[in-house]
Amino acid sequence: MDAPLYNALCALRGQKGLRMHMPGHKGKGTAAEFAAAAGLDYTEIGPTGNLYTGEGPIAAAEALAARDWGAAQAFFLTGGSTQGVLAGLSLCAGPGSRILLDRNAHRAFYSAMALLDLTPVYLDRPTAEQVSAALSKYETIQAVCITSPTYYGVIADVEEIAAVCRAHGARLLVDEAHGAHFPFVGRGSCAAARGASVSVSSAHKTLPVLGSTALLFTDGSFSPAAVREKTALFGTSSPSYLLMASIDWARAYLTEGAGGAAYRTVAAEAARLRAQINKRGVFHALCETDGLSLDPTRLTVDTGRGGLSGHQAGERLEQEYNIWPEMTDRDRVVCILTCADTAEELERLGAAFAALEQFADAAPFPPCPPPPPPQVRRSIREAVFAPRRMLSLAEAAGCISASSIAPYPPGVSVVAPGEEITREIVEYLAVVGYDVSAPVPVLDETGFVGKETL
Ligand SMILES: Cc1ncc(COP(=O)(O)O)c(C=O)c1O
């Protein structure tokens, strides 16, 4: 397969050179389970190239990634989409500026806003209309951030939103953490090929790669050196070759090997599972006939509709069926299906959901939308770096949060750093299953030396 980095590392391992460089395992001295992987775990020496200068087989592998995801440029990340969000925001938004942010954003955006001292204006839904109205109102905003697809697999209209951003002279950054597989299941190129300036995909969430791997794509409007400078700013100076080679191998497997066909088969299986669940009518699997554009492989099952909470359904799946979902919330169970799942495994998943229906004899849960974002009392940066103390969430009503309060996953902030925790929010979090006895950091007002309230 044409996988330049993976092949270069395999060739180097075959030469059996004396490795007088890190990593300290020298390709051998480790637990048997890691030994094969350690053989490919190199560092920056001539034949392996360099991530941050864009040389050698890494650059060749990134060029193939750009081709296969349809972007002008692709950059490997070994710190997940979190690193990509930090780098992407620092490319798109000047420090201290205001950005337009989907409130559905992952907590990585809050880390980026704290570090770059950004102030968010929130969108409750990432639609072209909302983006257009907000950009008309806040004319100085130059960066818009949306999440597509969401954890539940819901896809936004990236092209339309990108057109609105262009018309207002703003850059669009798309958190496509859950959509790395889209080109391989007929869902088109990455968002940076569809109008966004930058998009970020967690390879490790949906591709057959090692954990922590991700890709940052651009539309070519930044110099590669500028992008590498920013990815280096938020990444280790010793990026793992094993991780980078696993992205390279998986891309080749999906385009030239059996991976693409396997992925399309799984997408068809997912459609069959959804149809079976919906035909029985006890639970509901999110599907396109709900009027949503959806990831064809994401299985999001609303068990709350049958009176069984997503958390209870998830616990039963784990304890009684040895099936481990990606996420549960009050209403839903989310399963990530990929090319690595076999037909038998998906059959087993479908049978388990069918069996769970025996516990679903209660009335559907009433809708429980999150309360509106609370009052902003401090900037995100001030709140994150201010003196703090710990209180249980139940005791924290009236305090200012020093961090994101975000049930994880999906990691979407109900309270952002610097926002006031209200009783209404504590009650909401209790209802959705958040442990309100858990400690949360709040501002220690006695030690606060920053600006007064915003
Ligand atoms: C929507 C979204 N964005 C970003 C991230 C961060 O990704 P990573 O874990 O690859 O750093 C996540 C992680 O769950 C996510 O769900």
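In this predicted model, strand β4, covering residues 143–147, and strand β5, covering residues 171–175, run parallel to one another and are joined by 5 bridges. These two strands belong to an open sheet of 7 strands with mixed pairing, and the points below set out that sheet, the helix lying across part of it, the aromatic pairs, and two places where an arginine sits over a tyrosine ring.

**The sheet and its strands**

- Read across the sheet, the strands follow the order β1-β7-β6-β5-β4-β2-β3, so that β4 and β5 stand side by side within it, given that strands count as paired where DSSP finds at least two bridges between them.
- The edges are formed by β1 (73–77) and β3 (119–123), each of which pairs on one side only.
- Neighbouring strands of this sheet are turned against each other by 20° on average, with direction ignored.
- Within the pairing of β4 and β5, T147 has D175 of β5 as its bridge partner.

**A helix across the sheet**

- Helix α9, which spans residues 224–233, lies across both β1 and β7 (214–218), and its direction makes an angle of about 20° with β1.

**Aromatic pairs**

- A pair of aromatic rings is described by the distance of the centres and the angle of the planes.
- The count comes to 3 aromatic pairs, and one of them is formed by W69 and F217, a tilted arrangement with 5.6 Å from centre to centre and 35° between the planes.
- That pair links distant parts of the chain, since W69 belongs to helix α3 (residues 56–69) and F217 to strand β7, with their positions 148 residues apart.
- W69 counts as buried because its relative accessible area is 1%, which lies under the 20% limit, and F217 is likewise buried, at 0% relative accessibility.
- W249 and Y253 form another aromatic pair, with 4.8 Å between the centres and 10° between the planes, and this pair is stacked because the angle is under 30 degrees.
- Both W249 and Y253 lie in helix α10 (residues 241–255), where they are 4 residues apart, or about one turn of the helix.
- W249 counts as partly exposed because its relative accessibility is 28%, a value between the limits of 20% and 50%.
- W69 and F217 also belong, together with F184, to one aromatic cluster.

**Arginines over tyrosine rings**

- The charged end of R19 sits over the ring of Y42, at 3.9 Å from the centre of that ring.
- R103 lies over the face of Y122, where the distance to the ring centre is 4.4 Å.

Conventions
Residues numbered from 1 in each chain as written. Predicted model: local features only at pLDDT ≥ 70, side-chain atom pairs only at ≥ 80, totals over all residues. Heavy atoms only, no water. Axes fitted to C-alpha atoms, helices over the stretch in contact; angles between N-to-C directions. Contact = heavy atoms within 4.5 Å. Phe/Tyr/Trp six-rings, centres within 6.5 Å; stacked < 30°, edge-to-face > 60°. Buried < 20%, exposed > 50% of the residue type's maximum accessible area, 1.4 Å probe, protein only. Lys NZ or Arg CZ within 6 Å of the ring centre and 35° of its normal.
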